[in-house]
Amino acid sequence: MAGVVNGALRAWGLGTGRMMARRSGSTYYQTQRGNMVTILAADRARNWNVTPLSLSASLHTGRVTMGAGGVVNHRDTKDNNEALTFDFSRENMTKVNEILAKYPEGYKKSASIPLLDLAQRQNGGFLSIACMKKVAKILEVPYMQVYEVATFYTMFNRKPVGKHFVQVCTTTPCELCGSGEIVRAIKDYLGVEAGQVTEDGLFSVIEVECLGACVNAPMMQIGDSYYEDLTPESAVNILKQFRDGKTPKVGVQHDRRRVAEPEGGKTTLLEPIPDPSAPNLDVLLEAQKGQQS
């Protein structure tokens with residue numbers, strides 16, 4: 001097995017490696033060049049041909065990697081390459097310590113998601129290789145374990161996004177209510193396709209799956225805020241306000257309903273909601289007052 005692995009590593013130009021750990025059907029090797037390489041599905045690995053596509057190499061090699069999700073690419077850019085560094089600000093480092101304090105000794109890696117989220121927010125909305133390495137060092141885990149998290153969850157962006165990151169829901173309820181027209185209106189106004197950033201760096205737009213505001217469909221998320229009950233016109237108007245430096249109204253974008261209530265007003269729970277009650281509540285309250293005195 002070791003001979004087959006090292007043959008594959010040499011084929012990748014990574015030199016030879018030594019096994020570091022086995023976990024969940026995968027075997028981890030540390031190569032001479034310091035790259036962490038994951039051998040997936042070790043039971044199948046015994047029948048390998050020596051080929052680079054048998055491996056799942058770490059993202060920072062800049063090479064094609066293979067895993068259950070198919071091919072993942074990292075290509076160095078001016079915004080995301082090995083020469084760049086990342087450190088949390090003093091304020092965010094305080095938050096890092098507060099997050100880590102929530103987890104028991106020996107379980108720091110459970111903080112991967114909140115730390116990656118914090119890094120992404122500081123880094124302008126996306127996770128660079130340097131961000132992920134910094135999180136891995138803080139958590140004292142191999143880079144690969146952080147790469148796995150960052151490339152699995154769609155909340156993490158692996159390339160730069162606009163200052164205002166527009167996510168339009170196009171799942172069934174929103175689609176039935178016209179989200180397709182909203183996507184087209186936004187792309188026409190911004191002059192970009194899904195996944196692209198405007199030339200001024202202010203906007204980027206993507207289509208996403210359900211954001212959990214189906215009763216207010218169609219809707220979109222910009223930053224951390226929801227904009228609901230949209231029309232193509234109201235969606236574009238929100239973007240115009242952002243472009244003008246204004247703060248658009250969050251939530252429902254018309255006056256026909258209040259938050260998630262039906263249009264035209266409530267149809268249930270029309271009577272005043274009574275105060276909480278329980279058998280012998282008065283007796284219990286009096287007893288409690290006596291104990292306090």
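**Reading a predicted model: one loop residue, two helices, two cores**

Biologist: In this predicted model, a polar atom of the T198 side chain lies 3.3 Å from the backbone nitrogen of L202. Where does T198 lie in the chain?

Modeller: T198 belongs to the loop between α8 (179–190) and β8 (203–208). The side chain of T198 also makes a polar contact with the side chain of D200, at 2.6 Å.

Biologist: Is T198 buried or exposed, and which residues does it touch beyond its neighbours within four places in sequence?

Modeller: A residue is called buried when its relative accessible area is under 20%. T198 has a relative accessible area of 5%, so it is buried. With neighbours within four places in sequence set aside, T198 is in contact with L190, V192 and F203.

Biologist: May we turn to the whole chain? How many helices and strands does the chain have, and what share of its residues is buried?

Modeller: The chain has 10 helices and 11 strands. Of its 293 residues, 41% are buried. Among contacts with a separation of 6 or more, 52% join residues 24 or more positions apart.

Biologist: How should one read the packing of two helices, and at what angle do α3 and α4 cross?

Modeller: Two packed helices are described by the angle between their axes and the distance between those axes. Here, the axes of α3 (residues 90–100) and α4 (residues 112–122) come within 10 Å and cross at roughly 170°. Angles over 145 degrees count as roughly antiparallel, and α3 and α4 are therefore roughly antiparallel to each other.

Biologist: Which residues of α3 and α4 meet?

Modeller: From α3 come N92, K95, V96, I99 and L100, and they meet P114, L115, L118 and Q122 of α4. By type, the residues of this contact divide into 6 nonpolar, 2 polar and 1 charged.

Biologist: Which residues of α4 are buried, and against which helices do they pack?

Modeller: S112, L115, L116, L118, A119 and Q120 are the buried residues in α4. They pack against α3, α5 and α6. Just after α4, G124 takes a positive phi of about 80°.

Biologist: How is a nonpolar core to be read, and how many residues has the largest one?

Modeller: In soluble globular proteins, nonpolar side chains tend to be buried together. The largest nonpolar core in this model has 26 residues, and those with the most contacts inside it are F88, L115, L116, L127, M132 and V135. At least two residues of this core come from each of α3, α4, α5 (129–139) and α6 (143–152). The helix that gives the most is α5, with 8 residues. F88, apart from its neighbours within four places in sequence, is in contact with residues including M93, V96, L115, L118 and V135. A second, separate core of 18 residues includes I182, V183, I186 and Y227.

Biologist: Which backbone features deserve a second look?

Modeller: Most residues other than glycine have a negative phi, and most peptide bonds are trans. The bond from A217 to P218, however, is cis, with omega near -5°. P218 is placed in the loop between β8 and β9 (220–222).

Biologist: What is the sign of phi at V259 and at L269, and are V259 and L269 buried or exposed?

Modeller: V259, a residue other than glycine, has a positive phi near 40°. L269 is not a glycine either, and its phi is positive at about 55°. The loop between β11 (251–252) and α10 (281–292) holds V259, and L269 is also placed between β11 and α10. V259 is exposed, with a relative accessible area of 52%, and L269 counts as exposed at 64% relative accessibility.

Technical notes
Residues numbered from 1 in each chain as written. Predicted model: local features only at pLDDT ≥ 70, side-chain atom pairs only at ≥ 80, totals over all residues. Heavy atoms only, no water. Axes fitted to C-alpha atoms, helices over the stretch in contact; angles between N-to-C directions. Helix = DSSP H or I, 4+ residues; strand = E, 2+ residues; numbered from the N terminus. Parallel < 35°, antiparallel > 145°, perpendicular 65-115°, else oblique. Contact = heavy atoms within 4.5 Å. Nonpolar A, V, L, I, M, F, W, Y, C, P; charged D, E, K, R; others polar. Buried < 20%, exposed > 50% of the residue type's maximum accessible area, 1.4 Å probe, protein only. Polar contact = N/O pair within 3.5 Å; in protein donor to acceptor, adjacent residues only side chain to side chain. Core = buried A, V, L, I, M, F, W, Y, C linked by side-chain atoms within 4.5 Å.
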